[in-house]
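User: I am new to reading protein structures and would like to work through one slowly. Could you take my questions in turn and explain each step?

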Amino acid sequence: MPSKSAYLNILNTALSTGGDYAEIYIEEKISQAVSIENGKVDASTVGKTYGAGIRILQGVNSVYGYTNEVTTKGLLKLAKSLSNSFNGKQVLMVESLKTKHIKNNHKILEPLSEVSSEDKINYIRPAEKVMHKYDKRIVRTKSGFMNSKSVITIVNSNGFIIHDEKERGRVILSCIASDGEKYESAFEGPGAMSGFEHFKNNVDIVKLANDAAKAAISMLSAKDCPSGKMTVVIGNGNGGVIFHEACGHSLEATSVSKNLSVFSQKLGTQIASPVVSAVDDGTITNAWGSNNIDDEGNKTERTVLIENGILKNYLVDIVGGRRMNMRPTGCGRRESYKYEPTSRMSNTYICNGKSTPEEIIKATKLGLYAKTLSGGSVNPATGEFNFGCSEAYIIRDGKICEPVRGASLIGTGGEVLMNIDMVGNDCERSNGMCGSVSGFIPVDIGQPTIRVQNILVGGNGGELK
Amino acid sequence: MRFNTKKFYELAKSRGFEAADLVISQGHSLSASVYHGEIESYSEENTIDATARGIINGKLGACVTEKFDSDTVNFMIDSIEKTARVIETTDPVIIFKGSEKYRRGNYYDKSLFEIPFEEKKKILFEIEKKLFAYDKRINEVASVSYSESCSEETLTNSYGLKLKIKKSDFSIVAQITVKEKGEIRSDYEVFAGNNLKEFDVDAFVKSLADKTLKKLGGTQCESKKYPVILNPECSATLLRAFLSSTNAEDVQKNSSLFIGKLGQQIASKKLTVTENPLAKNIFFNYFDDEGVAITKKDIVKKGVLQTYLYTLETAAKDGVEPTGNGYRGAGKASAGLGYIIVKPGRKSEKELVSSIKEGVYITDLEGLHAGMNARSGNFSLQAQGFMIRDGKFSEPLALITVSGNLVEMFNNIKDVGSNAKFLVQGRASCPSFSIKKLFISGK
């Protein structure tokens, strides 16, 4: 690792052709993974990520480069080469660097990087067994434990050297059910930015394993989902992917700042039904999508995005902030040093409303109950989104009835937000990975049970009767 | 710092490894993107990583690293030992001695890097300018980007096998939005190759602009079953999802649609698919990640399944030869499909369309990771396209879904078009498929 004076030299070299901001991002990460398939440990790996990225900004234009040669020589060479993209005179000189100490808000008692593979295997094995023994039709099970520890150093032309350390872990439980002809699979993946104690004390993985096996078996006997416009009740927790896709991505500065989002220039206007409030909060203690600081060195924040249907704020990174003339909100994130940071979500959820989930189901005469969603995608320019439902049921006369498979939900972000007419009081968060321009990053999605009128449901089962 | 391969194998031997292998990958790439007449971003990448595996007491351990210093070899050997120790499965573990013959080669053209980067930036400015000038309904060119890379991969193992491949390529991607009467549509276009002379700016601009503009006025059709034509992109997407069931591991572990289907009819007689990663294009490769020689082979011939895709491990289990389809991240390999060629039919796409009185032509499928359950074959996907009325393209369709089952769909191929197209994202050469019926939801 370079010394303080070497960092100064690298930054000033980067700024030598007129850049007005420069930043060095150094990452060393150890990743461990172990998995069990059909009851036996079948794979185990260790990986080390090590590299550095340098970014130079001039106004809203940026140059970015990265290398595995994290030495003064390697970084100077990269800084020099990147600075060739601009051809001005030096406008900023960094005189000194001050080390900034970041307080760790996420207490860890038993760091996962120090827990043996054997202990992790012993932890997941009972859950693996539960899935395996749940039903003869469970033909394949796979479980795993993966964790990583990252040590980050950010040095920037604001004169700071910032150090941060973070550890995350995630359990994967998956199973496949088959009756010899059809196949259905189910998945659970609880994760957190915490130590082994969290998994042992707060995560009921045997219950999750049971839920996964139950869902896969239940879907095996499901009929094809009917299609057409319907009233859809979306389950709490993982159902929050709908807000993440349908709205969250379109509130990121990446698309908003270039007028590429349906929500560009809509601050202060009503974009959702008045029963909807939503938040992105990167500060939640020990949450999977949290961080002490973002990957641009700014403290993470709790950002109110929508309050009673009114658009309150966007997710803004440094470059997006320059383009939009807005303050960055501590959301500049990246998968690794191989990516230039950009505005991203952290833990994003719809806030609790007043109805109980039972009231919502009871108030629905005919519709779809999308209990678990399996992910989706959105085109921020048009707001058009899609989600798959991995577990869904038909609601008849206020009761959850027969399971249906192969349902997908289609719509536009603007429309769906306005069409939410009931919001439950059972908000839960669920853990996932979000992929976008700056790579795959851990995020929480979340919501209470909600009801949406008039969503287009795609399925192979004809009209809903 | 260079990686000390010799030291790695010596230490592996002295620690009692039965065998070991090592893949060193190096890459260098440059990219730039343009926004509103300025270079909005430029990036430069230099990477190297080493992936190693070792067999100890019949168990496989694995490690990957990007950190190269005096401790690297020790770290890797220790990690391999530690990871191998916990393995319980008794599946065969093999590090490969080598195939009899390799069709060695590279896909590298240094002239790409001799063209000054400034010239390449000029192409981007030209694309952006021409897109804005093409039609006033093009209201935004979200980005136009160029990237080029050169990579080298060396696989060695303790049996003395040494395989090396060098590749170069570039890609150009542009994304636009078009707007008319408050309606916004967007699309993007990708071009990839390794000879910049093959890139035609005007054709690229025209293709992107036309296909995006045509989407304006999108409506939803009535929900019902229609005869459907999938454009080459969508055909390849669904075909790759269908063929993912050829993975032998899934067959052996009771979770594939193709259990017991070897030599059986799995699709319409019109479908013939050949895998040929030896074809000289950006997907070229002559050895898989386990060191097995890659050959050209039929996967589906006139609808009959010709082979499963094997790794060393799954091939040993079935007592067959590995097929050169091993892909690996860090540890165990799993089977995957390389570049495929779908045999074109005789009818042009126009002829396929003209035979349909009322149907749907699909140009875009979204959300594959959510709406496609390749294991069961069920899919329900967001789509865009056009109505076909009286044998002709009619109004554009947006926000519709197409749903069905892959097995049924591939058995219901009415015709395969003659319009084979090289597809960067589909990793295929594929024409349009005409399907007898698929369910479309709209209104």
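Analyst: What follows is a set of questions and answers about this structure, which is a predicted model.

User: Is strand 2 (residues 40–58) of chain A largely enclosed by the rest of the structure or largely open, and how many of its residues are buried?

Analyst: A residue counts as buried if 20 or more other C-beta atoms lie within 10 Å of its own. Strand 2 of chain A has 19 residues, and it is largely enclosed by the rest of the structure because the number of them that are buried is 15.

User: How many bridges join strand 1 (residues 21–37) of chain A to strand 2 of chain A, and which residue of strand 2 stands opposite A:Ile24?

Analyst: Strand 1 and strand 2 of chain A run antiparallel, and 17 bridges join them. In the hairpin that they form, two residues lie between the strands, and A:Asn38 takes a positive phi near 45 degrees. Within this pairing, the residue of strand 2 that stands opposite A:Ile24 is A:Ile54.

User: In the hairpin of strand 2 of chain A and strand 3 of chain A, which residue takes a positive phi?

Analyst: Strand 2 of chain A is joined by seven bridges to strand 3 (residues 61–67) of chain A, and these two strands run antiparallel. A:Leu57 stands opposite A:Ser62 of strand 3 in this pairing. The hairpin has two residues between the strands, and the residue with a positive phi, near 65 degrees, is A:Gly59.

User: In which sense does strand 2 of chain A pair with strand 3 (residues 59–65) of chain B, and what is the bridge partner of A:Thr45 there?

Analyst: This pairing links strand 2 of chain A to a strand of chain B, and it runs over four bridges in the parallel sense. In strand 3 of chain B, the bridge partner of A:Thr45 is B:Ala62.

User: How many residues of chain B are in contact with chain A, and which strand gives the most to that side of chain B?

Analyst: On the two sides of this contact there are 55 residues of chain B and 63 residues of chain A. The side of chain B that touches chain A divides into 15 nonpolar, 26 polar and 14 charged residues. With eleven residues, the element that gives the most to this side is strand 2 (residues 38–56) of chain B.

User: Are helix 1 (residues 4–14) and helix 2 (residues 72–83) of chain A roughly parallel or oblique to each other?

Analyst: These two helices of chain A have their axes 8 Å apart and pack at an angle of about 15 degrees. Angles under 35 degrees count as roughly parallel, so helix 1 of chain A is, with respect to helix 2 of chain A, roughly parallel.

User: Are helix 1 (residues 5–14) and helix 2 (residues 72–85) of chain B roughly parallel or oblique to each other?

Analyst: The axes of these helices of chain B come within 10 Å and cross at roughly 40 degrees, and the crossing is right-handed. The contact is made by B:Lys7, B:Phe8, B:Leu11 and B:Ala12 of helix 1 and B:Val73, B:Met76 and B:Ile77 of helix 2. By class, this contact has six nonpolar, no polar and one charged residues. From their crossing angle, helix 1 and helix 2 of chain B are therefore oblique.

User: Where does B:Ala420 lie, and is it buried, partly exposed or exposed?

Analyst: B:Ala420 lies in the loop between strand 18 (413–416) and strand 19 (421–423) of chain B. Leaving aside neighbours within four places in sequence, B:Ala420 is in contact with residues including B:Val342, B:Pro344 and B:Cys430. Because 18 other C-beta atoms lie within 10 Å, B:Ala420 is partly exposed.

Terms used: Residues numbered from 1 in each chain as written. Chains lettered and ligands numbered in written order. Predicted model: local features only at pLDDT ≥ 70, side-chain atom pairs only at ≥ 80, totals over all residues. Buried ≥ 20, exposed ≤ 12 C-beta atoms within 10 Å, placed from the backbone. Pairing = 2+ DSSP bridges. Axes fitted to C-alpha atoms, helices over the stretch in contact; angles between N-to-C directions. Parallel < 35°, antiparallel > 145°, perpendicular 65-115°, else oblique. Contact = placed C-beta atoms within 7 Å. Nonpolar A, V, L, I, M, F, W, Y, C, P; charged D, E, K, R; others polar. Left-handed = near helix turned anticlockwise from the far one by under 90°.
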